[in-house]
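User: I am new to this structure and would like to see how its descriptions are justified, step by step. Could you take me through the reasoning?

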Amino acid sequence: MLATQNVTMRYGGRTLFEDVTVSFNAGCRYGLTGPNGSGKSTFVKILVGDLEPQTGHIQRPRRLGVLRQDQFAFDAFRVVDAVIMGNRRLWDALVEREVLYAKGELTDDDGMRLGDLEGVVAEEDGYSAEADAAALLEGLDIPESLHERKMGELQGGQKVRVLLAQALFGRPPALLLDEPTNHLDLESIHWLEEFLTHYDGTVVVISHDRHFLNQVCTHIADIDYETIIQYTGGYDDMVVQKTQVRSRVEAENAQREKKIAQLQDFIARFAAGTRSTQVASRKKEVERLAPTLLASSNIQRPFLRFDVKRPPGKQVLELEGYCRGYDGLPVIRGLTATVQRGERIAIVGRNGAGKTTLVDSVVNNIVDKGTLRWGHETQVGYFPQDYKHMIAPGHTAFDWLRLADGQAGLEQVRGLLGQMLFRGDEAFKPTQALSGGESARLLFCRLMLEKPNVLVLDEPTNHLDLEAVIALGSALEKYPGTLLLVTHDEDLIRTVATRVWHLTAGPKGPEFQDYRGTYAEYLTRG
């Protein structure tokens, strides 16, 4: 059983949640939702035991599977060992057993201890540990050739997948996963969805991927109104239920306030008269009808709208025999395609297939071989996967945005910042102090200000909460320009894509498939 009782967490004068009593049951999969800053990661740390609540206590099973966010903690260990460390009891037994066997001559006490350790290894399925770890790694696209390598030799995205395998290892009775789909490609996400759907323990997952939450979750635990409310179903089911509950309470309050006004009018007219008994009765009725108190929601909804300053020519981009590589190795080879005005292209493929290389090289006009031609009057707006270098330190958010367009008026800049939730003094926050989500929202402000007729977005949802991701999808669906989109958010692809480019690292080198149609049609192709 994983449960909380009367848990409260406050920071300064701000309450994240108060007197929260919830249970997370075996066989159920809970999405923990709420906007950035609502306390999702804090609540998971409390469940794990990394953080003590200010009041209340936690009931947790003997072992938890936890997705660790520190990518460097296991750099000195083999990849397969890092996975097995997900079962701490087994790992400690294996390490101690190896030390004893290395002694050569064993005492009677050593022999007895070895017997105990072999019992632990057997109980924890330790004799198949490396095979089980390898199966998890393969499912998460970590090839066998990397299993014996040190964690420090892996790339950041690969490390995240190994840490996810670590959390899943040994099928612990409860899993706590904080943004498990970050840095995963669509095929790995589908594998994880399938794994979790058949997992018979308790799952609590934080994710900004709406499709993932709808596919995986049987319940949603939503942090809002300074508490945590559980809803049955996936994310979309929660939104409907939450809206219905709020609307019903507001309607009931309106009826009560109307009735209270009538009663108070009676009390005011007859308080000094001979109808004191009726007046007293009406006062009691007013107390009984007091409206249900509604705490304020902490959800903030940004507003995005991408316009086009001027339209381009009919043909926006032409690639012919286009090649791009690094250190003599081809990443993109012989790509030939033409992009017409208004097309919205989703670029998909496994991690390492060259998606980011393609969009970055095209935006920056880098050609190793072949031709790359942008069409007449094209103006490109770029949102790179790593955008830290694009927001220079030493400015406020307001000043940095004004630098993007010196002709923009003060009210226009403040309006855009307000749309993206930089309200009041937040508009003057130093750029070096911005969080990942704030930096992303500021870049979107710049794209809205510049009004490019081509948008190239590489993993734009990585640091956005669900409200912002949904707003982005709506804005891109209405965008009149041309779009090149790299994302692992399946709902976003389904919402906007009219064409799919699939990159693969084939046995004879990089391969490219061009499918003209929606993503749903692409998935059902013959």
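Analyst: Let us begin with pairing: two strands count as a pair if DSSP finds at least two bridges between them. The model is a predicted one, and in it strand β5 (residues 64-66) and β6 are joined over three bridges in the parallel sense; because at least two bridges are needed, these three satisfy the definition. One of the contacts links glycine 65 to its bridge partner in β6, leucine 175.

User: How do you know that β6 and strand β7 pair?

Analyst: Five bridges join β6 to β7 (residues 202-206), and the two strands run parallel, so the requirement of at least two bridges is met. Alanine 174 has threonine 202 of β7 as its bridge partner. Between these strands the chain passes through helix α7 (residues 186-197), making a β-α-β crossover that is right-handed.

User: Why is strand β6 called largely enclosed?

Analyst: A residue is buried when its relative accessible area is under 20%, and five of the five residues of β6 (residues 174-178) are buried, so the strand is largely enclosed by the rest of the structure. Both faces are covered, with Ala174, Leu176 and Asp178 buried on one side and Leu175 and Leu177 buried on the other.

User: What makes helix α1 largely enclosed?

Analyst: Seven of the nine residues of α1 (residues 40-48) are buried, so the rest of the structure largely encloses this helix. The buried residues in α1 are Lys40, Thr42, Phe43, Val44, Ile46, Leu47 and Val48. After α1 comes glycine 49, whose phi is positive, near 105°.

Technical notes: Residues are numbered from 1 along each chain as its sequence is written. This is a predicted model: local features need pLDDT of at least 70, side-chain atom pairs count only at pLDDT 80 or more; totals for chains, interfaces and linings use all residues. Side-chain values use heavy atoms; hydrogens and water are left out. Buried means under 20% relative accessible area, exposed over 50%, partly exposed in between (1.4 Å probe, protein chains only). Helices (H or I, at least four residues) and strands (E, at least two) are DSSP runs, numbered from the N terminus. A crossover is right-handed if, with the strands pointing away from the viewer, the path from the first strand over the helix to the second runs clockwise.
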